[in-house]
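This report walks through a single protein chain for a reader who has not seen it before. It begins with the whole chain, then turns to the cores and to a few residues.

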Amino acid sequence: MKAIKLTLAVVLTLSATSLFAQKFGRIDMQALIFSMPETKEMQTKMEEFTRNLEETYETMNVEFNTKYQELLKTQSTLSESVRQMKQKELEELATRRDEFVQMAQQDQQREQARLYAPIYQKAQEAVNGIAKAGGYTAIFQVGQMPYLDETAVPDILAEVQTSLGIDPVAAAQALTDAANAMADGSAQAN
């Protein structure tokens, strides 16, 4: 019985010692991704993609409005069958426009996911490289844990940014500027 207690005590002591010897880190992946130059390129491409969709929508809208105005001007002189045909044509245009909006939203989501995937992969590979080189047991993403003692778990964001050739100070300022711009935009919208 003493041997079992002694073995159990040794196992518990070794387990506790190995737990304390482990190295943990934390990173704000969102801040990392927003600091990467590829993200700015992605945003530019998405703006262009969105602009093209908006131009198509606007063209459809102009066509609808033109035909609607034409119907309003001439409806008193049209026969019932011609008026109904023009109304049906307007309904079909409105339906096509609505379907386009739904498809455009799906296209935007797919395009954003397609452009975002390699950026996220590059960021994840950089984090994995720093974690392996630094001997970290685990790297936790900020915001995905209910509690984190920030003094016990070092933030490796600046180290990963530096490994990617990103100036951490400039990236922090750019993130602050972006947050301020978003806050200003939402304040103006209200």
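Two residues are in contact when heavy atoms of theirs lie within 4.5 Å. By that rule, and not counting residues up to four places away in sequence, Glu111 touches Met46 and Phe49. The model described here is a predicted one.

## The chain as a whole

The chain has 190 residues, and buried residues make up 21% of them. It holds six helices and two strands. Read from the N terminus, the order of these elements is α-β-α-α-α-β-α-α.

Among contacts with a separation of 6 or more, 81% join residues that are 24 or more positions apart. The chain exposes about 13600 Å², and 56% of this comes from carbon and sulfur atoms.

## Nonpolar cores

The largest nonpolar core is made of 21 residues. Within this core, the residues with the most contacts are Ile27, Leu32, Met36, Val127, Ile156 and Val160. Two or more residues of the core come from each of helix H2 (29-35), helix H3 (37-74), H4 and helix H5 (157-163). The most is given by H4, with seven residues.

Met36 is one of the residues with the most contacts inside the core. Leaving aside neighbours within four places in sequence, Met36 is in contact with Ile119, Lys122, Ala123, Leu164 and Ile166. Apart from the largest core lies another core, of five residues, including Phe64, Leu71, Leu90 and Leu93.

## Thr39 in helix H3

Thr39 belongs to helix H3. Is this residue, Thr39, buried or exposed? Its relative accessible area is 4%, so Thr39 is buried, the cut-off for buried being under 20%.

The side chain of Thr39 reaches the backbone oxygen of Ile33 at 2.4 Å. Ile33 is also among the contacts of Thr39, together with Phe34 and Ile119, when neighbours within four places in sequence are left aside. Ile119 is in contact with Met36 as well.

## Residues of helix H4

Helix H4 covers residues 80-133, and Glu111 is found in it. Gln84, Leu115 and Asn128 lie in H4 too.

Which of these residues are buried, and which are partly exposed? Glu111 has a relative accessible area of 18% and is therefore buried, because the limit for buried is under 20%. Leu115, at 10% relative accessibility, also counts as buried. Gln84 has 43% relative accessibility and so counts as partly exposed. Asn128 is partly exposed, with a relative accessibility of 43%.

Two of these residues make side-chain polar contacts. Glu111 makes one with the side chain of Arg114, at 2.8 Å. Gln84 makes one with the side chain of Glu80, at 2.9 Å.

Leu115 is in contact with Met42, Lys45 and Met46, leaving aside neighbours within four places in sequence. Met46 is touched by Glu111 as well.

## Pairs far apart in sequence

The table lists pairs of residues with their separation along the chain and the distance between their C-alpha atoms.

| Pair | Separation in sequence | C-alpha to C-alpha distance |
|---|---|---|
| Thr39 and Tyr116 | 77 residues | 7.7 Å |
| Leu115 and Lys45 | 70 residues | 8.6 Å |
| Asn128 and Val160 | 32 residues | 9.5 Å |

Leu115 and Lys45 are also in contact. Val160 is one of the residues with the most contacts inside the largest nonpolar core.

## Aromatic rings

The structure holds three aromatic pairs. A pair of aromatic rings is described by the distance of the centres and the angle of the planes.

Charged side chains also lie over ring faces. Lys23 lies over the face of Tyr136, at 4.5 Å from the ring centre. Arg97 lies over the face of Phe64, at 4.7 Å from the ring centre. Phe64 is among the residues of the five-residue core.

Conventions
Residues numbered from 1 in each chain as written. Predicted model: local features only at pLDDT ≥ 70, side-chain atom pairs only at ≥ 80, totals over all residues. Heavy atoms only, no water. Helix = DSSP H or I, 4+ residues; strand = E, 2+ residues; numbered from the N terminus. Buried < 20%, exposed > 50% of the residue type's maximum accessible area, 1.4 Å probe, protein only. Polar contact = N/O pair within 3.5 Å; in protein donor to acceptor, adjacent residues only side chain to side chain. Core = buried A, V, L, I, M, F, W, Y, C linked by side-chain atoms within 4.5 Å. Phe/Tyr/Trp six-rings, centres within 6.5 Å; stacked < 30°, edge-to-face > 60°. Lys NZ or Arg CZ within 6 Å of the ring centre and 35° of its normal. Areas by Shrake-Rupley, 256 points an atom, 1.4 Å probe, with all protein chains shown as cover.
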